[in-house]
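Here are my notes on the model you sent, set out as numbered points. Please read them with the coordinates open.

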Amino acid sequence: PGTSRANDYRFLVSAGPFQLIPPGSTLTFQVAFVCGEMIETTVGDITRRDPDMTNPKAAQRVFFGFALDPDDPNSPRVPWATSSPPPPPEILVTPGDDHVVVEWNDGPELTPDPLTGQLDFAGYQVWKAEGWRRESTVPADDMWRLVADFDSTELSDVDTGQSGVGKYRYVDTRVQNGFWYWYAVSAYDRGTYERIPVIGGVPPETTYVFQRIEQPKFGKPTQNMVQVMPSPTPAQTLDDVIVVPNPYKGSAAWDLAETNFEPTGRRIKFYNLPVRATIRIFTLAGDHVITLDHDDDRRLDSDLPVGATAWNLISKNNQDTVSGIYLYHVTSDIDGSEKVGKFVIIR
């Protein structure tokens with residue numbers, strides 16, 4: 001009997017009749033449950049609702065699969081198969097001073113679809129995730145956004161003339177030093193086409209047209225994502241030493257998820273330090289807060305680039321610092337040069 005209860009789906013699958021099923025024999029059934037929207041068509045006062053056959057047709061193509069030789073009508077077929085987007089390229093992501101360079105090779109262009117055997121590459125997409133604050137090991141899906149798209153006719157715009165990784169290059173300048181960014185490059189194809197014979201002309205002859213039966217398929221940015229942090233170039237003198245952010249404001253975008261090093265998720269960073277240096281931090285009244293030892297050869301925080309050291313805003317007495325103006329004194333362990341500066345903490 002029928003029902004008015006929502007989401008009450010009932011299926012009846014029938015097969016046969018079979019005149020004879022010998023004992024011990026096996027019957028194999030292949031079934032596809034296909035869902036889709038209904039299409040409403042109104043003519044005058046009459047509205048018809050017909051099923052959208054897009055999904056059933058796609059399921060039927062998957063069932064039939066692909067011919068190993070599309071030009072041979074008697075070619076064996078690979079059943080229960082559908083094509084896939086091109087594989088992702090090999091990439092190299094290099095952070096710089098307020099910029100990030102993304103490079104990749106042309107591997108997807110040379111890789112045929114494993115099922116159709118066709119070179120169906122159509123373009124590359126460059127992806128970027130920002131706002132990641134260590135909430136998870138990788139960015140959430142909604143953090144990724146498309147920053148560049150180059151179809152096969154536009155590759156000359158990013159082609160460097162080199163080979164291998166570095167053949168294509170994209171430079172992103174919409175970044176800030178000291179923040180984490182993730183990048184990825186994916187590839188997409190031109191979709192799947194079917195060759196349709198057309199008979200016509202005098203005398204009758206057969207020609208062919210190509211009809212798209214599947215939309216382009218796009219790779220995902222999670223296939224080759226890389227994490228980087230732009231930072232200034234290490235300086236030759238202490239004159240270029242900077243504190244980032246300055247002023248520091250609590251609960252802003254630079255606060256990260258908690259770790260053992262950063263129990264509060266807070267940190268400020270000293271950039272442009274020499275290979276080895278000592279940083280002493282004082283209150284404005286001259287009270288010693290903490291001493292930081294910087295050594296590029298013994299960096300404990302792998303998140304930081306060369307020439308940078310972070311402080312978690314915890315004093316030498318294991319106390320959280322308060323709002324105020326602080327002084328820092330940097331001494332180079334290489335030549336003994338010194339620099340004094342100040343920064344502000346706002347809770």
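1. Since the points below lean on strand names, one definition comes first: helices (H or I, at least four residues) and strands (E, at least two) are DSSP runs, numbered from the N terminus, and two strands are taken to pair if DSSP finds at least two bridges between them. The model is a predicted one.

2. With those terms in hand, the hairpin of β17 and β18 can be described: four residues lie between its strands, and Gly286 takes a positive phi near 95° there. The strands themselves, β17 at residues 276-283 and β18 at residues 288-295, pair in the antiparallel sense over seven bridges. Two of the partnerships can be followed by residue, namely Ala277 with His294 of β18, and Ile279 with Leu292 of β18.

3. Strand β17 also pairs with β20, which covers residues 324-332, and this pairing is antiparallel and runs over seven bridges. Which residue of β20 is the bridge partner of Ala277? The partner is Ser332, so that Ala277 has a bridge partner in β18, His294, as well as this one in β20.

4. A separate item to inspect is an open sheet of three strands, in which the order is β5-β6-β9 and the pairing is antiparallel. Its edge strands, β5 (91-95) and β9 (168-172), each pair on one side only, and neighbouring strands of the sheet are turned by 15° against each other on average, direction ignored. Between β5 and β6, the latter at residues 100-104, the antiparallel pairing extends over five bridges, and within this pairing Val93 has Val102 of β6 as its bridge partner.

5. For the chain as a whole, the assignment gives one helix and 21 strands. Among contacts between residues at least 6 apart in sequence, 60% join residues at least 24 apart. Buried residues account for 35% of the 347 residues, while the accessible surface comes to about 21400 Å², with 53% of that area belonging to carbon and sulfur atoms.

6. The surface also carries a nonpolar patch of about 840 Å², made by Phe11, Val13, Phe18, Ile21, Leu27, Phe29, Val31 and Phe33. One of these residues, Phe29, is found in the segment before β1, the strand at residues 38-43.

Note on methods. Residues are numbered from 1 along each chain as its sequence is written. This is a predicted model: local features need pLDDT of at least 70, side-chain atom pairs count only at pLDDT 80 or more; totals for chains, interfaces and linings use all residues. Side-chain values use heavy atoms; hydrogens and water are left out. Axes are lines fitted to C-alpha atoms, for helices over the stretch in contact, and angles run from 0 to 180 degrees between N-to-C directions. Buried means under 20% relative accessible area, exposed over 50%, partly exposed in between (1.4 Å probe, protein chains only). Contact means heavy atoms within 4.5 Å. Accessible areas come from the Shrake-Rupley method with a 1.4 Å probe; for residues, only the protein chains shown count as cover. Patches are made of residues with over 30% relative accessible area and no salt bridge: like charges are joined within 9 Å, nonpolar side chains (Val, Leu, Ile, Met, Phe, Trp, Tyr) within 5 Å. A salt bridge is a side-chain nitrogen of Lys or Arg within 4 Å of a carboxyl oxygen of Asp or Glu.
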